[in-house]
Amino acid sequence: MCGIVGYVGSDKSVEVLLSGLRRLEYRGYDSAGIAVIDPHGELHTRKRAGKLQTLIDDLDGLALANGATGIGHTRWATHGGPNDQNAHPHLGDDGKLALIHNGIIENFAELKRELLENNPDIVFASETDSEVAALLVGIEYRATKNLAEALRRTVARLHGAFTLLVLHKDEPGVVVGARRNSPLVIGLGDGENFLGSDVAAFVEHTRRAVEIGQDQIVTIRPDSVTITDFDGAPVASREFEIAWDASASEKGGWSSFMAKEISEEPEAIAKTLLGRIVDGEVRLHELDALGDALNDIDRVVILGCGTAAYSGMLAKYAIEKWARIPVDVELSHEFRYRDPIVNSRTLVVSVSQSGETMDTLMAVKYAVQAGARTLAICNTQGATIPRESDAVIYTHAGPEVAVASTKAFVAQVAAFYLLGLHLADVRGALSKAEISGLLEELQALPDQLSTVLEQHEAIKQLAGWMTDTRAVLFLGRHAGYPVALEGALKLKELAYIHAEGFAAGELKHGPIALIEAGQPVFVVVPSPRAQDSLHPKVISNIQEIRARGARILAIAEQGDAAVLPYADVVIPIPLASTLFEPLLAVAPLQIFAMELAAAKGLDVDQPRNLAKSVTVE
Ligand code: M6R
């Protein structure tokens, strides 16, 4: 949730921290703060409630105090409201030490009680769980005079999930970090080193990164990096090159990151397919890490949250149809609490843009313990979920900065479809010719989607007319159903309008009672040429609600004459078969939600109460 950045190097820490925080702000934007050790060895901290810009506007002369060592934090509040006091960094050792934290320290109340009992003079300046950690590290530092050792002793007492970064004015040129079930990555520079919640924090300075494993402590100095486990034993690490470049996470002239990211959807699909289709066959070398397991599995379980879970719903339809394997899709947070049936013949596929969603991470860990084979579909290199899984298929959507997931969704679906066709091949469920034909359809999608995006202005106009709308319904059948759910989620999270997605066939079992004169209803209409009976069924559903006064906003194939008589608005999309149509139908709904939010004057990149990466359960 929170964004964390650490720096040691030359006297430019304030600039490095602020630019890192700017790139991490999507992780949380309730408050922001930095701590730096200036060239004279003095520790300065500044923290402010509100967005990063409030902190920047209030830095006074801190730039003059620029030093070579610093940490920075952008917060998504958990313990204690979003005010200046609860903003990070928190101080320990009588103000000589600063600490930032991402995650939740579950036993903080107990530790706080103990601190108060043993140190009657201690004063808590905030309501956070994090401050307890700062005070504990301070106490341990006084005993050890070694920051890494002090942090090591402290984390041994913490329960829960955390990334912690600390610096101490008596150890300039040193930042120490620790992580458990919360993200932290190292950036390797030349005479400088970095720490970040993800690589976006430092990608403008270096493309060389190092993963940090669970329960590890890292100490960075300008010319060295040391990693140990929580017992202090050195551990090996893996360096990787960051595939993103810094400009990929710039707004680049667009009005919002979300607008830019929607425009990048065709490229996100194309890049995810690139190199993975050769001579009409799927090539997923990443799956080699699973050995022969794919031949033995008798079931697939897909885990994800929010938009990622909707991509999993589409994957279910595709994998079951093509590979004839039963697939269950579960919200990660529901999965492990109901004693699910998972064994060595289950392939558990997690899907996550960030690779850090705590609910999904915990569900994957459960699956690993239950003996399942695990595969991650993930967009972020160096993230935790791929590290905890047997294999990973990276989507190549590039950095997604807007809180609302858009290009990551279409890339996830593309990756899932590759997996489905690969499984169909391995299990002989489809002929080579059938697979090759489906792959051709998949490869045609980026161009088709580009034509859909050309309708942005028309959709914007529609959204502009609907700013007073109080509720919108979304209907779809089969593969159109997850699209309806996604359209509703986007409208809720961006425009704060009540929205519900329904399976069109379910309407008459209750929700049709919601329809009254003028109620806007988006309907995802399947192709009339698709070889199934979906189209006439959806047309009937449209007639049922239109008869009751609904205003129909249809997303339908170009030239679908059956829709025209009943629709108030038609957003046309190119012909695609049932399973591929969602990749064309979703963008209009994303654009609609974004433009409606913008027309209401809302921040489309950073909607209220949300954070991009949900690293608490
Ligand atoms: O990083 P993840 O893909 O695991 O995130 C999952 C959800 O939190 C995410 O898709 C969320 O629903 C988005 N805000 C939707 O736009």
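Trainee: How much space lies in the second largest cavity?
Mentor: About 90 Å³. Keep in mind that this is a predicted model.

Trainee: What makes that space a cavity and not a pocket?
Mentor: The way out decides. A 1.4 Å probe fits in a cavity but cannot get out, whereas a pocket is an open set. The second largest cavity is lined by 15 residues. C2, R75, T78, H88 and G103 lie nearest its centre.

Trainee: Which elements give two or more residues to the lining of the second largest cavity?
Mentor: Two strands do: β4 (69–75) and β6 (97–105). The largest share comes from β6, with 3 residues.

Trainee: How do you know which classes line the second largest cavity?
Mentor: Sort the lining by residue type. You get 9 polar, 4 nonpolar and 2 charged residues. Gly counts as polar, so G103 belongs with the polar residues.

Trainee: How many cavities of 30 Å³ or more are there?
Mentor: The count comes to 3. The largest cavity holds about 130 Å³ of space. Its lining has 21 residues, and Y26, R27, D198, W244 and T380 lie nearest the centre. By class, that lining has 8 nonpolar, 8 polar and 5 charged residues.

Trainee: Which domains supply the lining of the largest cavity?
Mentor: Domain 1 (3–248) and domain 2 (251–452) each give at least three residues.

Trainee: Now the open sites. What space lies in the largest pocket?
Mentor: About 550 Å³. Its lining has 30 residues, with C305, G306, T307, K612 and V614 nearest the centre. Elements that give two or more residues are α9 (306–323), β19, α11 and α16 (480–495). The largest share, 4 residues, comes from α16. By class, the lining divides into 12 nonpolar, 11 polar and 7 charged.

Trainee: Why is the largest pocket said to lie between domain 2 and domain 3?
Mentor: Look at who gives residues. Domain 2 (251–452) and domain 3 (456–599) both contribute to its lining, so the pocket lies between them.

Trainee: What of the second largest pocket, in space and in residues closest to its centre?
Mentor: About 410 Å³ of space lies there. Of its 20 lining residues, R22, E25, K251, F257 and Q606 are the closest to its centre. Both α1 (13–24) and α2 (52–57) supply at least two residues of the lining. The largest share, 3 residues, comes from α1.

Trainee: Which classes make up the lining of the second largest pocket?
Mentor: The residues divide into 9 charged, 6 polar and 5 nonpolar. Asp, Glu, Lys and Arg count as charged, so R22, E25 and K251 are in the charged class.

Trainee: Why is the second largest pocket placed between two domains?
Mentor: The same kind of reasoning works. Domain 1 (3–248) and domain 2 (251–452) both give residues to the lining, so the pocket lies between them.

Trainee: On to the strands. What makes β20 mostly covered?
Mentor: Strand β20 (residues 373–378) has 5 of its 6 residues buried. Buried here means under 20% relative accessible area.

Trainee: How do you know that β19 and β20 pair?
Mentor: Count the bridges. Strand β19 (residues 346–352) and β20 share 6. The rule asks for at least two, so they pair. They run parallel. S350 has A376 as its bridge partner in β20.

Trainee: Why is the β-α-β crossover from β19 to β20 called right-handed?
Mentor: The chain leaves β19, passes through helix α11 (residues 358–369) and enters β20. With the strands pointing away from you, a right-handed path runs clockwise from the first strand over the helix to the second. This crossover is right-handed.

Trainee: Which strand pairs with β20 over 4 bridges?
Mentor: Strand β21 (residues 391–394), in the parallel sense. L375 stands opposite A391 there.

Trainee: Which way do the residues of β9 point, and are they buried or exposed?
Mentor: V185 and G187 point one way from strand β9 (residues 185–188), I186 and L188 the other way. All are buried.

Trainee: What are the partners of I186 in β10 and β11?
Mentor: I186 stands opposite L195 in β10 and opposite V210 in β11. β9 pairs with β10 (residues 193–196) over 4 bridges, antiparallel. With β11 (residues 208–211), β9 pairs over 3 bridges, also antiparallel.

Trainee: What lies between β9 and β10 in their hairpin?
Mentor: There are 4 residues between them. In the turn, G191 has a positive phi of about 75°.

Note on methods. Residues are numbered from 1 along each chain as its sequence is written. This is a predicted model: local features need pLDDT of at least 70, side-chain atom pairs count only at pLDDT 80 or more; totals for chains, interfaces and linings use all residues. Side-chain values use heavy atoms; hydrogens and water are left out. Buried means under 20% relative accessible area, exposed over 50%, partly exposed in between (1.4 Å probe, protein chains only). On a 1 Å grid over the protein atoms alone, a cavity is a set of points where a 1.4 Å probe fits but cannot get out, and a pocket is an open set with protein on both sides within 12 Å along at least five of seven lines; lining residues have an atom within 4 Å of a point. Grid points are joined across faces, edges and corners, and a volume is the space filled by probe spheres set on the points. Domain bounds come from an automatic or database domain assignment.
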